[in-house]
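Colleague: Could you take me through one part of this model closely, namely the disulfide, and then set it beside the buried and surface regions elsewhere in the chain? I would like a single connected account that I can follow with the structure open.

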Amino acid sequence: MEERFVFPIGRKTWQILALFSLLGLALSITYFLLNSTPTSRDSVSVSKNEVVNKKIDTTKVVAIDPNQCNLTDYQHWIDSLKSDLPKAEWTKLGDSSEPHNSYLLDEYGNYKVDSVSGGNIIIQVKDFIPNPTAIPNLLEKIYSTKGYDSSSYCDKIEVIKLLHKLNGNTATDFLTEQAFNIYVEIVSNTSSLNLSTINRSFELAKIIEQNDIKIKNEAELKIYFKYLKYFIDNAISDEQIELVKSVINSHKGLSNAKFKKSDYFELAEIIFESKIANNELKVAIEDFNDDISFYDSKDLSNSLKRYLKLYKEKLERAEEVQALKRASKAAKRDQSLIVAGITFASIVSIATILLLFSIQSLLKRHISKQED
């Protein structure tokens, strides 16, 4: 058995161990070289919008190439705005003031002096007074506030898209009289406003108010802005909106509901502020909806708040238990590796000893043959 099996197995074992050692050495050298290469730095650029707002814009992931949008695209969106505001002023952008005296300045802004008298040269000028109601002037006000120049077609188109969406959910008379000027102020002074925020705020408003939003007066405008402001100030996911919708639909299906439908926004706030992961929140809300008639009889909003609080506490406990189990399994894996290492070393040691016995046996036979 020793001559036929032990010696070949022992030799191959050492060869395999040597091969693994060489592979490990090669990998470690390669890993070392990869981590020894110079580390490059990402390119840095500051947009005009960041300069105007005096802070870094962390929401913009991909920079828009200004060459992707042109004057034709911009004019197309201007036409859509004109269709929203057919009675608004688009052509009379302003008028000249009465002539008045002014000092003549050179190209550097310095006063020009009369070579004969030595005094400043006075001329009559007319100032341009912009029409504050003209739509192009209102748009230019937004562009100026945001720091857009004449080539920022993509950024300007995004502004018009926001206004167009707001216009589409506003009654024509109220839009022309008052709402559009309010929208201009909001878009101009809210840097974080985007089309997705507006769309999702309208979606939530439709779910809670139970009808399409068509703003007809200041009171309805204030109601909608409650939703818009909440979306601007908070990060709300589409999954959370769907869960709010499921709770409201489940409650609307009750025959003798006690909770007021006018307070549905309170339920939405509770769900949005639960700080539970969406996948777990979905499970919690599904279980809550199954017993919503019971919770409605016990004050629905307080019941939902307590329910999600308790669910979060139990979830945290379950995660702690899971972490302990993982740590226990990791410790057991380490123990298994130690045992495996010991047994492997034992196998190698035994094979080495058997190899030495084989060599000794061969030497004895060789010596016996020589003596004979």
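Modeller: In this predicted model, Cys 69 and Cys 154 form a disulfide, with 1.9 Å between their sulfur atoms, and a search of the whole structure finds one such link. The bond joins distant parts of the chain, since Cys 69 sits in the loop between helix H2 (48-53) and helix H3 (71-84), while Cys 154 belongs to helix H5 (residues 153-168), and the two cysteines are 85 residues apart. The link of Cys 69 and Cys 154 is right-handed, with 100 degrees about the S-S bond. Both Cys 69 and Cys 154 are buried.

From the disulfide we can turn to the nonpolar interior. The largest nonpolar core has 70 residues, and those that touch the most other members are Ile 135, Leu 163, Phe 180 and Leu 308. Helix H6 (residues 172-189) supplies the largest share of this core, eight residues. If residues up to four places away in sequence are not counted, Leu 308 touches Ile 270, Ile 271, Ser 274, Ile 276, Leu 281, Ala 284 and Ile 285.

Two of those partners of Leu 308, Ile 271 and Leu 281, are also touched by Gln 240, whose contacts beyond four places in sequence further include Ala 235, Phe 272 and Asn 278. Gln 240 lies in helix H9 (residues 238-252), and it counts as buried because its relative accessible area is 9%, under the 20% that sets the limit for that term.

Another buried position is Ala 205, in helix H7 (residues 195-209), and here the relative accessible area is 0%, so the residue is classed as buried. Leaving aside neighbours within four places in sequence, Ala 205 is in contact with Gln 210, Ile 213 and Tyr 227. With Tyr 227 the separation in sequence is 22 residues, whereas the C-alpha atoms of Ala 205 and Tyr 227 are 6.5 Å apart in space.

Finally, there is the surface to consider. Tyr 103, Leu 105, Tyr 111 and Ile 122 form a nonpolar patch there, and together they have about 430 Å² of accessible area. One of these residues, Tyr 111, lies in the loop between strand E2 (100-103) and strand E3 (122-125).

Methods
Residues numbered from 1 in each chain as written. Predicted model: local features only at pLDDT ≥ 70, side-chain atom pairs only at ≥ 80, totals over all residues. Heavy atoms only, no water. Helix = DSSP H or I, 4+ residues; strand = E, 2+ residues; numbered from the N terminus. Buried < 20%, exposed > 50% of the residue type's maximum accessible area, 1.4 Å probe, protein only. Contact = heavy atoms within 4.5 Å. Disulfide = S-S within 2.5 Å. Core = buried A, V, L, I, M, F, W, Y, C linked by side-chain atoms within 4.5 Å. Patch = residues over 30% accessible without salt bridge, like charges linked within 9 Å, V, L, I, M, F, W, Y side chains within 5 Å. Areas by Shrake-Rupley, 256 points an atom, 1.4 Å probe, with all protein chains shown as cover. Salt bridge = Lys/Arg side-chain N within 4 Å of Asp/Glu carboxyl O.
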